[in-house]
Amino acid sequence: MKIEENGIPSCQRLYAEINLDAIRNNLSQLKSLLNQKTQIIAVIKADGYGHGAVPIARELEDFEGLWGFATATPEEAFLLRSVGISAPILVLGYAFPCCYERMIEEGIRITVFRKDTLGEISKACKELEKRGIRQKAKVHIKGDTGMNRIGSKPGEEGFSFVEQVFLTEGLEVEGIFTHFARADEADKTSARMQLSAFQEFTQLIEKKGLHIPMKHCSNSAGIMELPEAEMDAVRAGVAMYGLWPSEEMQREQIILTPAMSLHGRIVYIKEIEPGEAVSYGGRFVADRRMRIATIPAGYADGYPRGLSDKGFVLICKKRAPILGRICMDQFMADVTEIPEAAEGTLVTLLGRDGEEEITMEELGELSGRFNYEFACCLGKRMPRIYIKNGSISSLW
């Protein structure tokens, strides 16, 4: 999509284009694999995997079958509340006690797995009550079935913790969940072992007379390839953005459309002679007369320095190799064989131009990252431009 056709100022040095229709369609594709009663938790942590949490939450809040959203930190949840997102929000990671009062007041769900935090949450409820706010803290218990990151281990010791959660004044147990470590592998043995451990744990809890309304363990890979794990809800993350969890995933069931593309403009073109070096360290030296273009994007924008001398961009529907080291704010590309390239010409750093395409998977492999790490690391000085129904819906 050309920059002028959408009213984007031609002076914009660099921008990420986010297709909201693609995100909604990807989520619909995932939903098609689920039972009608299974709810979806849209994971928009890390600023929506770099795509922009606020515009995505606004787009999806009315999505049929959506339970709510998941973030990694209270601060991410507070931002969503501050812009009017009213759907339930679950903070997946540890929340420090200083955040509890605000989380409870704003209905943000707290993940619990440490005994010492239970008293702190109860204390926060009592402090709110002193201010006339009588509200319980809705919590989700995290069970560790093999990730060994955070979570209470299943079994009698784990049940003892669950029992303490139920007995703690001010807490309302809304959910329990675990997280797959290897569901994106072709061999599902490990994931099924985790699923079995989680099911045994939740069955033990029920047998002891404690009921937890909401059980969830499937991530994107689980939704696609472990239908037996969907339970009451699933957590849709990377696949919602059109990215595959791994190369080992089967791709026949659904079609995912990448939601992000990345664009800039050539700001300068020069010719260099044989023997002249390009960029820091002089690693690239011309062996012939060359025409090179300077593009105003660099590692301060999150464009990986690891693409130095081996990445490429699309200019005038052709591939242009990156020359030399990527700088903090700029890099150079070879346009010797692209005579139509000129100062001001649009450059595609990620996405499609004509028949050529640069995927996030390709950039990740070249730079030593994985696909959605690339998206998460894109900097905030790069505006996100949101497209809906073929035109700009918002800028963020």
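Leaving aside its neighbours within four places in sequence, with which residues is tyrosine 386 in contact? In this predicted model, the contacts of tyrosine 386 are Ile18, Leu20, His51, Gly52, Pro55, Ser391, Ile392, Ser393, Ser394 and Trp396, once neighbours within four places in sequence are set aside. The briefing below begins with this residue and then turns to the cavity, the strands, helix 10 and the salt bridges.

**Tyrosine 386**

- Tyrosine 386 belongs to strand 20, which spans residues 384–388.
- The relative accessible area of tyrosine 386 is 0%, so the residue counts as buried, the limit being under 20%.
- Tryptophan 396, one of the contacts of tyrosine 386, lies 10 residues from it along the chain, and the two C-alpha atoms are 7.9 Å apart.

**The cavity and strand 5**

- A search of the whole structure returns 1 cavity of 30 Å³ or more.
- The volume of the largest cavity is about 40 Å³.
- Its lining consists of Tyr94, Ala95, Tyr100, Ile110, Thr111, Val112, Phe113, Arg114, Thr117 and Ile121.
- At least two lining residues of the largest cavity come from each of strand 5 (108–112) and helix 6.
- Strand 5 contributes the most to this lining, with 3 residues.
- Strand 5 is itself mostly covered, as 5 of its 5 residues are buried.
- On one side of strand 5 the buried residues are Ile108, Ile110 and Val112, and on the other side they are Arg109 and Thr111, so that both faces are covered.
- Strand 4 (residues 89–91) runs parallel to strand 5, and 3 bridges join the two.
- Within this pairing, valine 91 has isoleucine 110 in strand 5 as its bridge partner; isoleucine 110 is also among the residues that line the largest cavity.

**Strands 2 and 9**

- Strand 2 (residues 39–43) and strand 9 run parallel and are joined by 4 bridges.
- Isoleucine 41 is placed opposite arginine 235 of strand 9.
- In strand 9 (residues 233–236), Ala233 and Arg235 point one way, Val234 and Ala236 point the other way, and all are buried.

**Helix 10**

- The buried residues of helix 10 (residues 360–367) are Met360, Leu363, Gly364 and Ser367.
- These residues lie on the same side of helix 10 because they cover an arc of only 100 degrees around the axis.
- Their packing partners are strand 10 (260–265), strand 18 (346–353), strand 19 (356–358) and helix 11 (371–376).
- Glycine 368 follows helix 10 and has a positive phi, near 80 degrees.

**Salt bridges**

- The structure contains 31 salt bridges.
- One of them joins the side chains of glutamate 101 and arginine 131, with an N to O distance of 3.1 Å.
- This pair links distant parts of the chain, 30 residues apart: glutamate 101 is in helix 5 (residues 100–105), whereas arginine 131 is in the loop between helix 6 (115–130) and strand 6 (137–142).
- Glutamate 101 has a relative accessible area of 28% and is therefore partly exposed, a class that lies between the buried limit of under 20% and the exposed limit of over 50%.
- Arginine 131 also forms a salt bridge with glutamate 105, where the closest N and O atoms are 3.9 Å apart.
- This second pair likewise links distant parts of the chain, with arginine 131 in the loop between helix 6 and strand 6 and glutamate 105 in helix 5, 26 residues apart.
- Glutamate 105 is partly exposed, its relative accessible area being 38%.
- A further salt bridge brings together the side chains of lysine 130 and glutamate 127, at 3.2 Å from N to O.
- Lysine 130 and glutamate 127 are about one helical turn from each other because they stand 3 residues apart in helix 6.
- Lysine 130 counts as exposed at 65% relative accessibility, whereas glutamate 127 counts as partly exposed at 28%.
- Elsewhere, Arg13, Asp301, Asp329 and Arg381 are joined into one network by salt bridges that share partners.

Notes: Residues are numbered from 1 along each chain as its sequence is written. This is a predicted model: local features need pLDDT of at least 70, side-chain atom pairs count only at pLDDT 80 or more; totals for chains, interfaces and linings use all residues. Side-chain values use heavy atoms; hydrogens and water are left out. Buried means under 20% relative accessible area, exposed over 50%, partly exposed in between (1.4 Å probe, protein chains only). The arc is that of the directions from the helix axis to the C-beta atoms. Contact means heavy atoms within 4.5 Å. Two strands pair if DSSP finds at least two bridges between them. A salt bridge is a side-chain nitrogen of Lys or Arg within 4 Å of a carboxyl oxygen of Asp or Glu. On a 1 Å grid over the protein atoms alone, a cavity is a set of points where a 1.4 Å probe fits but cannot get out, and a pocket is an open set with protein on both sides within 12 Å along at least five of seven lines; lining residues have an atom within 4 Å of a point. Grid points are joined across faces, edges and corners, and a volume is the space filled by probe spheres set on the points.
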